[in-house]
Amino acid sequence: MSYWLLKSEPSSFSIDDLAKRPAKRDSWDGVRNYQARNYLRDMRRGDLAFFYHSSAKQTGIAGIVKIVAEAYPDPTAFDPGNHHYDPKSDPSRPVWYMVDVKLERRLRRLVLLAELKARRELADMILLKPGNRLSVMPVAEKHWRAILQMERAASPE
DNA sequence: GCCAACGTTGGC
DNA sequence: GCCAACGTTGGC
């Protein structure tokens with residue numbers, strides 16, 4: 001069982017959007033970075049991932065999703081009309097993959113990026129590494145636990 | 001294989 | 001909207 005973090009811009013897909021899907025479940029499509037794809041392929045059913053809101057008024061961790069289907073070819077890469085179309089990928093030799101996720105729960109509150117940055121024990125999180133732009137990344141168990149503790153604590157003012 | 005140009009990401 | 005960091009592309 002592993003832990004992960006998935007980034008999404010809430011203006012395109014937010015945790016509220018996921019909550020409205022049938023069975024609160026959807027595919028995590030559109031990943032077009034090789035390292036992120038490799039992490040997607042490492043995910044196993046039952047793994048948990050933080051749902052991170054990027055490029056928003058408030059950036060931070062909004063909730064937890066469970067991996068409910070392991071990586072399979074991302075059909076949006078095959079569709080010339082799709083924003084994420086990639087001619088390098090075709091059904092006989094797919095390049096891009098996606099997993100299915102299900103909303104486990106929202107966090108009690110948004111745990112802000114600024115809070116994560118302020119915690120010394122999270123200093124070596126991939127998310128916080130300077131210049132990091134990965135949209136899919138692993139999360140160490142100690143970091144996962146620390147963030148859940150932060151959720152329980154009051155929001156700093 | 002090098003590397004400049006370009007596009008994207010994402011915080012601020 | 002700005003811009004730094006990074007990844008990708010394509011000419012050579």
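Q: Contact means heavy atoms within 4.5 Å. With that settled, what covers the buried residues of α2?
A: This is a predicted model, to be clear. In it, the cover over the buried residues of α2 includes β1 (3-8), β4 (60-73), β5 (97-112) and β6 (136-139).

Q: And which residues of α2 are the buried ones?
A: Helix α2 spans residues 34-42, and its buried residues are A36, R37, Y39 and L40.

Q: Why do they line one face of the helix?
A: Look down the axis of α2: its buried residues fall within an arc of 160°, so they line one face.

Q: What's going on at the start of α2?
A: There, N33 has a side-chain oxygen that reaches to within 3.0 Å of the backbone nitrogen of Q35.

Q: OK, switching to the DNA. Which residues are around strand B?
A: Around DNA strand B you'll find K7, Y52, S54, S55, T59, L113, K117, R133 and L134. Of the strand B atoms that come within 4 Å of the protein, sugar and phosphate make up 73%.

Q: Which residues have a polar atom by a phosphate oxygen there?
A: Y52 puts a polar side-chain atom 2.8 Å from a phosphate oxygen of strand B, and K117 has one at 2.6 Å from a phosphate oxygen of that strand. With R133 it's a polar backbone atom, 2.7 Å from a phosphate oxygen of strand B.

Q: How does that surface split by class?
A: Near strand B there are 3 nonpolar, 3 polar and 3 charged residues.

Q: What about strand C, who surrounds that?
A: Y34, K88, P130, G131 and R133 surround DNA strand C. Sugar and phosphate account for 71% of the strand C atoms within 4 Å of the protein.

Q: R133 again! What does its side chain do at strand C?
A: A polar side-chain atom of R133 sits 2.6 Å from a base oxygen of strand C. P130, for its part, has a polar backbone atom 3.4 Å from a phosphate oxygen of strand C.

Q: And the classes near strand C?
A: You get 2 nonpolar, 1 polar and 2 charged residues there.

Q: Last topic: L116. Where is it found, and is it buried or exposed?
A: L116 is in helix α3, residues 113-118. It counts as buried because its relative accessibility is 0%.

Q: What does L116 touch, leaving out residues up to four places away in sequence?
A: I61, V111, L122, L127, L128, I147 and M150.

Q: How many Å between the C-alpha atoms of L116 and N82?
A: They're 35 Å apart, with 34 residues separating L116 and N82 along the chain.

Methods
Residues are numbered from 1 along each chain as its sequence is written. Chains are lettered from A and ligands numbered from 1 in the order in which they are written. This is a predicted model: local features need pLDDT of at least 70, side-chain atom pairs count only at pLDDT 80 or more; totals for chains, interfaces and linings use all residues. Side-chain values use heavy atoms; hydrogens and water are left out. A residue is near a molecule or strand if one of its heavy atoms lies within 4 Å of it. A polar contact is a pair of N or O atoms within 3.5 Å; within protein, one must be able to donate a hydrogen and the other to accept it, and residues adjacent in sequence count only if both atoms are side-chain atoms. Ala, Val, Leu, Ile, Met, Phe, Trp, Tyr, Cys and Pro count as nonpolar, Asp, Glu, Lys and Arg as charged, and the others, Gly among them, as polar. Buried means under 20% relative accessible area, exposed over 50%, partly exposed in between (1.4 Å probe, protein chains only). Helices (H or I, at least four residues) and strands (E, at least two) are DSSP runs, numbered from the N terminus. The arc is that of the directions from the helix axis to the C-beta atoms.
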